[in-house]
Structures are given as structure tokens and as C-alpha cells.
Amino acid sequence: EEAEIVLEHTPFYAESGGQVGDTGHFLAPGGDHEVAHVLDTYRPVTGVTAHKAVARDAIRAGDLVTAVVDAERRDAIRRNHTATHLLHAALRRTLGTHVKQAGSLVAPDRLRFDFSHYAAVDEQDLLDIEDLVNEHVLANEEVNTNVMDLDAAVNTGAMALFGEKYGDQVRVVAIADGSFSKELCGGTHVRRTGDIGLFKVVTEGSVAAGTRRIEALTGAGVLKRLRE
């Protein structure tokens, strides 16, 4: 039966900032058999990570478990999250700094990015955006994360997202020296941009007046699309 399980510590990422929650397993100490299968991870309240899980065994408060994230799925999500930052930067570089993120979804199979812009993005601009992202992917740049005070982070030029609530301490994700992309973000990212493999825009359209949406693929998702 389905249960909500809270651990003292967890390697699971809870759904936040557009990034979907991790899935995986809780194993008995020693890792010999599965005691629960984790279907989703989210935050019911600040500071608490709840794992939606199907118990395979009797679980009681105080039990020890080995928590194992589905690594392949997590890696696909990481590729899509870092690619989202590159896409955001490429849109601003190509279309102008009026482009602001208006929502996003970072899932294992795709990424979706909504942004403020007054017109359809024409074919050539889309190609330029795609080229720019892939230029950074092929340059295999390091992705650096630093935790710092909110004021210090904003002073370094890190981009904060409108409407997001930030604590006093924030995480800054910078690609290479941060001159192309530097954002406040609590999500999971690749270690180097080359891990993304390849980036491909699939659709661009309107979601509301003054808001556009791009859906894109990375890594194995691009390969699958090519084969289709």
C-alpha cells in the first residue's frame, strides 16, 4: 500500500523549481532487499522531504534504510536542468534581455521553458539559439555551484527568478566563469555541459499573451527523436 515516508536524511530531490521529484528504492540495511519503492518525492512543508512510496515490507518509525535514487532517471533530469539554464541564457542573448523565465518543467524525458516575449520566435532565431546552446555543450564547460548569502549572490550578477521565494542562503549555479549563465537554483545539474550530449528544440509556441513556450530534448532523448 502507498505510504508517505520521511527520513532523517535523504539523497532524494523533492519536486521544486520546476524540477520533478526523484524516484527510487529504500533497501534494508545491508542492501539485500527492497522495503519500499519510491514513486515521487515532494515537500509538504518547508524543510520536510516526503517520499511517496509503496511499502514492500513492514516499515516502522526508527527503522534504518538505505535510500537509493534511480540514477539513470536522475541523470536525464540533470541534463535537462542544465540545458534549461543554457536555453535561458541563449534566449536572452539572441532575443534580448526582456526575456524572463515565466515557468519551467524539468523532467527526465524533456524540458519545457516558458518565457516573456512579444512575438513568435522565427526559424533563424531558433536555429541560432540551438547553435548557441550546443556550442556551450560541445565546449564541455564546468558547472560550478556555490552557496552564499542572497545579497552577495545578487551582487555577483546571478539571476533571480521573479516570484520565487529565496532564503538568506542561496545556491548559485554558474556555467564556466558565469559570464554566459549564472542563476540562483536549488536543482540538480550535470558536472560539465558536455554531459548534456546534444540539445534539440522540438516546439515553440504561444501559451498566453506575451508568453512563449519552448519544448526541447537532450541526451538520449535527441537520439530517440532522430531515430523516429
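Here is a walk through the structure, from its overall build down to a few single residues.

What you are looking at is a predicted model, in which local features need pLDDT of at least 70 and side-chain atom pairs count only at pLDDT 80 or more, while totals for chains, interfaces and linings use all residues. Residues are numbered from 1 along each chain as its sequence is written, and side-chain values use heavy atoms, with hydrogens and water left out.

Let's begin with the whole protein. It holds 4 helices and 12 strands; these are DSSP runs numbered from the N terminus, with helices being H or I over at least four residues and strands E over at least two. Along its principal axes, the C-alpha trace spans about 60 × 45 × 35 Å. The radius of gyration is 19 Å, which agrees with the value near 17 Å for a compact globule of 228 residues. That radius is taken over C-alpha atoms, and the globule rule is 2.2 Å times the number of residues to the power 0.38. Of the 228 residues, 41% count as buried, meaning under 20% relative accessible area with a 1.4 Å probe and protein chains only (exposed is over 50%, partly exposed in between). Now take the contacts, meaning heavy atoms within 4.5 Å: among those between residues at least 6 apart in sequence, 62% join residues at least 24 apart.

Next, some strands. Strand β4 (residues 50–55) pairs in the antiparallel sense with β1 (residues 2–6) over 5 bridges, and also with β3 (residues 34–42), antiparallel again, over 6 bridges. Pairing here asks for at least two bridges found by DSSP. On the β1 side, E4 has K52 of β4 as its bridge partner, while H37 stands opposite V54 in β4. Strand β2 (residues 24–27) includes L27, which touches H33, E34, V35, V65, T66 and V68, leaving aside residues up to four places away in sequence.

Now for the inside. A nonpolar core is a set of buried Ala, Val, Leu, Ile, Met, Phe, Trp, Tyr and Cys residues joined through side-chain atoms within 4.5 Å. The largest one has 28 residues, and L87, L91, F115, F199 and I214 touch the most other members. Two or more residues each come from α1, β7 (111–116), α2, β9 (169–175), β11 and β12, with α1 giving the most, 7 residues. Apart from this core lies another, of 10 residues, among them I5, L7, A28 and V69.

Helix α2 is worth a visit of its own. Its 16 residues reach 22 Å from first C-alpha to last, close to the 22 Å expected at 1.5 Å a residue; the expected span is 1.5 Å times one less than the number of residues. At its start, a side-chain oxygen of D122 reaches to within 3.1 Å of the backbone nitrogen of Q124. Just after the helix, N140 takes a positive phi of about 50°. The buried residues of α2 include L126, I129 and V133, and its buried residues pack against α1 (71–95), β11 (199–208) and β12 (211–218).

Finally, look at H136, in α2 (residues 123–138). H136 counts as buried because its relative accessibility is 11%. Its side chain makes a polar contact of 2.9 Å with that of E141. A polar contact is a pair of N or O atoms within 3.5 Å; within protein, one must be able to donate a hydrogen and the other to accept it, and residues adjacent in sequence count only if both atoms are side-chain atoms.
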